[in-house]
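This report describes a predicted model of a single protein chain. It proceeds from the overall fold to the packing of the interior, and then to individual elements and residues.

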Amino acid sequence: MRPPHVTLPIPPGKEDQPATGVRTRSQHQRRKRIVQAAAALASRGGVEAMQMRTVAERAGVALGTLYRYFPSKMDLVVAVVGEEIDLLESSIERRPPTATTASGRAVDVLMRATRGLMREPELADALIRSLIMAEVETPFGDRMAGLLLRVAGGEHASEEDLVLTGLLSSVWVQELLEMLRGRRTHEQIQRRIEIAATRLLSDF
């Protein structure tokens, strides 16, 4: 079961919001440039480097246009995280987990996500910390839980199943934070997630 793809809406604007509410190709490209610019800045200086004016300049858009797409810095942070999840989903579609157990497939997904985020540790640290303190609704937890549910084989998932995959996602976020703080190695994280996944997904 594929989790719903969550897309952050563009706030109503002038020329950037057609009457139909459907984004044009140029709007998609503009939004992508903005998110890529924000990610590049954050990878070098954390969220503090994601100043809205600097992001706009790097993306080649007017500051007002940036605010129509992303009313706050936190909305921009959430969008960058969303791009990371998009990449993870694409990776899973190209190369699905092959483990014979639900827990094994979930661990595969979470460790892929770990490797992807840790390619840019400063960006990963900034994004995870900001999401924990987020004052805006984020799709991160729901999308990760839905993704885990899909690879675990929850075609007829219950509310309890979604809660369990959500808990596993939360364990992973906490372990990733510990790794970013230098308190966990990659091997330790994998072992701890394996234990959590085995217990939480034992009935899948």
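## Overall fold and contact pattern

Among the contacts in the chain with a separation of 6 or more, 69% join residues that lie 24 or more positions apart. The secondary structure consists of nine helices and zero strands, and the order of elements along the sequence is accordingly written α-α-α-α-α-α-α-α-α.

Of the 204 residues, 47% count as buried, while the surface that the chain exposes amounts to about 10800 Å², of which carbon and sulfur atoms supply 51%.

## Confidence of the prediction

The mean pLDDT of the chain is 82, and 83% of the residues score at least 70. When the elements are ranked by mean pLDDT, helix 6 has the lowest value, 72, and helix 9 the highest, 96.

Over residues 1-21 the pLDDT stays under 50, although the model has 49 contacts beyond four places in sequence for this segment. Where pLDDT is low, the predicted coordinates should not be read in detail.

## The nonpolar cores

In soluble globular proteins, nonpolar side chains tend to be buried together. In this model the largest nonpolar core has 31 residues, and those with the most contacts inside it are L88, V109, L110, F140, L168, W172 and I193. Two or more residues each are given to this core by helix 4 (73-94), helix 5 (102-118), helix 6 (121-132), helix 7 (140-152), helix 8 (159-180) and helix 9 (186-200). Helix 5 supplies the largest share, eight residues.

L168 illustrates the packing: leaving aside residues up to four places away in sequence, L168 touches A106, L110, L148, I193, A196, A197, L200 and L201. A second core, separate from the one just described, has 23 residues, including I34, A37, A79 and A126.

## Helix 7

Helix 7 has 13 residues and reaches 18 Å from its first C-alpha to its last, which is close to the 18 Å expected at 1.5 Å a residue. This helix is mostly covered, with 11 of its 13 residues buried; among them are F140, M144, L147, L148 and V151, together with the arginines R143 and R150. Just after helix 7, G153 takes a positive phi of about 95°.

## An aromatic pair

A pair of aromatic rings is described by the distance of the centres and the angle of the planes. The count for this model comes to one aromatic pair. Its members are Y69 and F70, whose ring centres are 6.5 Å apart and whose planes meet at 35°; because this angle falls between the limits of 30 degrees for stacked and 60 for edge-to-face, the pair is tilted. Y69 and F70 are both buried.

## Two residues compared with the burial limits

Is V77, a residue of helix 4, buried or exposed? V77 counts as buried because its relative accessibility is 0%, and the limit for that class is under 20%. The C-alpha atoms of V77 and A39 are separated by 8.3 Å, while the two residues are 38 residues apart along the chain.

Q174, found in helix 8, has a relative accessible area of 40%. Since buried means under 20% and exposed over 50%, Q174 is therefore partly exposed. Q174 and I132 are 42 residues apart in sequence, and the distance between them in space, C-alpha to C-alpha, is 9.9 Å.

Terms used. Residues numbered from 1 in each chain as written. Predicted model: local features only at pLDDT ≥ 70, side-chain atom pairs only at ≥ 80, totals over all residues. Heavy atoms only, no water. Core = buried A, V, L, I, M, F, W, Y, C linked by side-chain atoms within 4.5 Å. Buried < 20%, exposed > 50% of the residue type's maximum accessible area, 1.4 Å probe, protein only. Helix = DSSP H or I, 4+ residues; strand = E, 2+ residues; numbered from the N terminus. Contact = heavy atoms within 4.5 Å. Areas by Shrake-Rupley, 256 points an atom, 1.4 Å probe, with all protein chains shown as cover. Expected span 1.5 Å × (residues − 1). Phe/Tyr/Trp six-rings, centres within 6.5 Å; stacked < 30°, edge-to-face > 60°. pLDDT = per-residue confidence, 0-100.
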